[in-house]
Amino acid sequence: MNEPSTAIGGSPSDSTIEQAAEKVQLGWVLVFACWLIATVALLGSLFFSEIMNLQPCVLCWYQRIFMYPLVVIFLFGLFPLDLGVIRYALPLAVIGWGFAVFHYLVYTGYIPESIQPCTQGGVSCSEINLELLGFMTIPMMSILSFSAIIVLLIVVRKRCFQ
Amino acid sequence: MKKSYIVVIATILLVGVFVGAAVVYQQQQVSESKAISSQFAARLAPEYAATMGDPNARVTIVEFFDPACETCKVFHPLVKQILNEYPGQVRLVMRYAPLHTGSDYVVSLLEAAKQQGKFWETLEAAYDSQSKWAAHGNPQPKRLWMLLEDVNLDWKKAQDAMQSPAVLENVRRDIADHRQMGISKTPTFFVNGKPLVQFGYEPLRSLVEAQVREAY
């Protein structure tokens, strides 16, 4: 396992080995948390589309494209723990976050959706079809998930890398 | 290793919650659709709607259909097959649910053909030529006239009838009913007022069978 070494030259003392082990432990827990969030997002979005039959609009699909791979990437980054996972996961999460924010702005009407002809099976991205607890919309949940993953990954990078 | 257990347990828990929520949600949907259909029971099979089979049959299949819908086309011969299995015991009532663009035109054409006693012939012809007039993205319902050669329809009379208040009113009532009942998919079946919960030919057959056994 490529544990980040804190010792530069010479034999590492017991305390530095301990510190390194703690960092590895923390890194694992945080990446695991990222995996949990991504998995909940995966199952949640599938619940909306497959069980509740809410058709995903185009912007939803773009967010799914950047969320679903994270489930696999994080899982493989956990066994064995490979903090290099940040390098691959962070860009996906940031791009997905961008789509989520854009979707939220379309949803709330800050960005007007261009008028398009109705097509068979076409779903409007600005139509609000679900509000949990009276205020929680799907794009909002998407923003929260992507944001949480981004924050956790940044914490991992700050805390667990030298 | 302990950590892999954590991930396995978390996965089982999450998938379990997903499946549990799905079951609960679907049960709610079923009881909701049963409540709706009992609320609309009296209006399900109105007098004016096209009917196939013995009018005195004690089992009634109500089908909300769209002439541009491929699944309706596939189901049409299957439903007729079910009628043939129970001669005199089951009848079929057709209600319009024109969900596709252009279907509203074809639906009024069907209603006009019904006045000439040519509903079923016209419907079969419309299904047979469906790919020619109901292309997704570019439906051309007016082409259907050219494809109705085998149906001896009085064109002039039918075209006038399509604008008549009687035709428009029947179509309007069907559309109002399917909207109020929240029907968003075609075909949607009811057998003696009971909704077909799980979609498919076999479920429909067994629902009809159960109703026939109950009624006779």
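Begin by selecting β4 and β5 of chain B, which form a hairpin with 2 residues between them, and look in its turn for N192(B), which has a positive phi of about 45 degrees. Bear in mind throughout the tour that this is a predicted model.

Stay with the two strands of this hairpin for a moment. Strand β4(B), residues 188-191, runs antiparallel to β5(B) and is joined to it by 2 bridges; if you pick out V191(B), you will find that its bridge partner in β5(B) is K194(B).

Next, colour the residues of β4(B) according to the way they point: T188(B) and F190(B) point one way from the strand, F189(B) and V191(B) point the other way, and all are buried.

Now move from β4(B) to β2(B), to which it is joined by 4 bridges, with the two strands running antiparallel. One pair to select here is F64(B) and T188(B), the latter being the bridge partner in β4(B).

With these strands in view, extend the selection to the whole sheet, which is open, has 5 strands in the order β1-β3-β2-β4-β5 of chain B, and shows mixed pairing. Its edges are β1(B), at 50-52, and β5(B), at 194-195, each of which pairs on one side only. As background, strands of a sheet pair through backbone hydrogen bonds, either parallel or antiparallel.

Add helix α8(B), residues 201-215, and you will see that it lies across β2 (59-65), β3 (90-96), β4 and β5 of chain B, while running at about 150 degrees to β2(B).

Which residues touch the most other members of the largest nonpolar core? Select I61(B) and V208(B), which hold that place among the 42 residues of the core. The elements that each supply at least two residues of this core include β2, β4 and α8 of chain B, as well as α2 (70-85) and α6 (155-162), and α3(B) gives the most, with 6 residues.

To explore the surroundings of I61(B), show the residues with which it is in contact beyond its neighbours within four places in sequence: V79(B), V90(B), L92(B), V93(B), F189(B), V191(B) and V208(B). Apart from this core lies another, of 30 residues, and L78(A), I86(A), A100(A) and C160(A) are among them.

Finally, display both chains and turn to the contact between them, which takes 13 residues from chain B and 13 residues from chain A. On the side of chain B that touches chain A, you can colour by class to find 7 nonpolar, 5 polar and 1 charged residues.

Notes
Residues are numbered from 1 along each chain as its sequence is written. Chains are lettered from A and ligands numbered from 1 in the order in which they are written. This is a predicted model: local features need pLDDT of at least 70, side-chain atom pairs count only at pLDDT 80 or more; totals for chains, interfaces and linings use all residues. Two strands pair if DSSP finds at least two bridges between them. Two residues are in contact if their C-beta atoms, placed from the backbone, lie within 7 Å. Axes are lines fitted to C-alpha atoms, for helices over the stretch in contact, and angles run from 0 to 180 degrees between N-to-C directions. A residue is buried if 20 or more other C-beta atoms lie within 10 Å of its own, exposed if 12 or fewer, and partly exposed in between; C-beta atoms are placed from the backbone. Ala, Val, Leu, Ile, Met, Phe, Trp, Tyr, Cys and Pro count as nonpolar, Asp, Glu, Lys and Arg as charged, and the others, Gly among them, as polar. A nonpolar core is a set of buried Ala, Val, Leu, Ile, Met, Phe, Trp, Tyr and Cys residues joined through C-beta atoms within 7 Å.
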